[in-house]
Structure formats: structure tokens, C-alpha cells
Amino acid sequence: DPNDLTNPFHAAIASALSFFVGAIIPLIAISVIPAQFRILGTFIAVLFALICTGTLSAYAGGANKTRATIRVVTGGVLAMGITFGIGTLFGVSGV
């Protein structure tokens, strides 16, 4: 039913706002966490931001919040792991 479809403009706005809010959390964490705890603290802050982003985007889009949050967190953790792995491989991970 075309009336049950999500408006793409609403989805784009929700995505942009969720990304912005999700990006602020790790930025603040990196700014205030001591250097020796920065990687772990940033990982935890990003997990929190991913949970917030997934939940907010599901709420805005009227989707299942649990499924959306799991999808966003899984994708984000995979992206962080791959990025950290490549950075470590090339010696630029900060460790």
C-alpha cells in the first residue's frame, strides 16, 4: 500500500539528525577521556551513540526499534573493527 511507505524526505532528515547526534557523543568522549583510556572509552561512547542513533531513527521512521538498533550497532561495530584492524595493519591506529 503506497500510503504505508515511509516518506524518503522524513527518512533523510531522521538519518541526518541521528548521525549528527551520534557523532557528538564520541567527539565529547575523545575530548575528555585521558589518553591511556581513549580507545576503550571511545569504543564505549560509540556503542552508546549507535544505540541512540538506531533507536531514534527507528522511532522517526516508525520501524521496529529493537531490530533497527541491532542492525545499526552490528554495522557500526563491524565498521569500527575493520577500520581499527586496517589502522593497526598500517601502523596508524594510535596504539
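Contact is taken here to mean heavy atoms within 4.5 Å. In the predicted model described below, Ala-68, a residue of helix H3, is by this criterion in contact with Gly-54 and Ala-58 once its neighbours within four places in sequence are left aside. Ala-68 counts as buried because its relative accessibility is 4%, the cut-off for burial being under 20%. The C-alpha atoms of Ala-68 and Thr-55 lie 6.9 Å apart in space, although the two residues are separated by 13 residues in sequence.

Helix H3 comprises the 25 residues 65-89, and because each residue is expected to contribute 1.5 Å, a span of 36 Å is predicted for the helix, in agreement with the 36 Å that separates its end C-alpha atoms. At the N-terminal end, H3 is capped by Asn-64, a side-chain oxygen of which is placed 3.0 Å from the backbone nitrogen of Thr-66. Beyond the helix comes Gly-91, with a positive phi near 75°. The buried residues of H3 are Ala-68, Thr-69, Val-73, Gly-76 and Gly-87, and the helix against which they pack is H2, residues 38-61.

Two further positions of H3 illustrate its relation to the preceding helix. Thr-69, which also lies in H3, counts as buried because its relative accessibility is 13%, and, with residues up to four places away in sequence not counted, Thr-69 touches Ile-51, Gly-54 and Thr-55. Val-77, likewise found in H3, is instead partly exposed, since its relative accessible area is 31%, which lies between the limits of 20% for buried and 50% for exposed residues. With the same exclusion of residues up to four places away in sequence, Val-77 touches Leu-47 and Leu-50; the C-alpha atoms of Val-77 and Leu-50 are separated by 8.8 Å, while the residues themselves are 27 residues apart along the chain.

Helix H2 can be treated in the same manner. At 1.5 Å a residue, its 24 residues should span 34 Å, and the 33 Å between its end C-alpha atoms therefore agrees with the expected value. The buried residues of H2 are Gly-41, Thr-42, Ala-45, Val-46, Ala-49, Leu-50, Thr-53, Gly-54 and Ala-58, and these residues pack against both H1 and H3. Following H2 is Gly-62, for which phi is positive and near 70°. Within H2, Thr-42 is buried because its relative accessible area, 16%, falls under the 20% cut-off. Thr-42 touches Ile-30 and Ile-33 when residues up to four places away in sequence are not counted.

The largest pocket encloses about 640 Å³ of space. Of the 30 residues that line this pocket, Ile-39, Thr-42, Phe-43, Val-46 and Met-80 are the closest to its centre. The elements that each give two or more residues to the lining are helix H1 (8-32), H2 and H3. By class, the lining of the largest pocket consists of 18 nonpolar, 11 polar and 1 charged residues. Thr-42 and Val-46, which are among the residues closest to the centre of the pocket, are also among the buried residues of H2.

How values were computed: Residues numbered from 1 in each chain as written. Predicted model: local features only at pLDDT ≥ 70, side-chain atom pairs only at ≥ 80, totals over all residues. Heavy atoms only, no water. Helix = DSSP H or I, 4+ residues; strand = E, 2+ residues; numbered from the N terminus. Expected span 1.5 Å × (residues − 1). Buried < 20%, exposed > 50% of the residue type's maximum accessible area, 1.4 Å probe, protein only. Polar contact = N/O pair within 3.5 Å; in protein donor to acceptor, adjacent residues only side chain to side chain. 1 Å grid on protein atoms, 1.4 Å probe; cavity = no way out; pocket = protein on both sides within 12 Å on 5 of 7 lines; lining within 4 Å. Points joined across faces, edges and corners; volume = space filled by probe spheres on them. Nonpolar A, V, L, I, M, F, W, Y, C, P; charged D, E, K, R; others polar.
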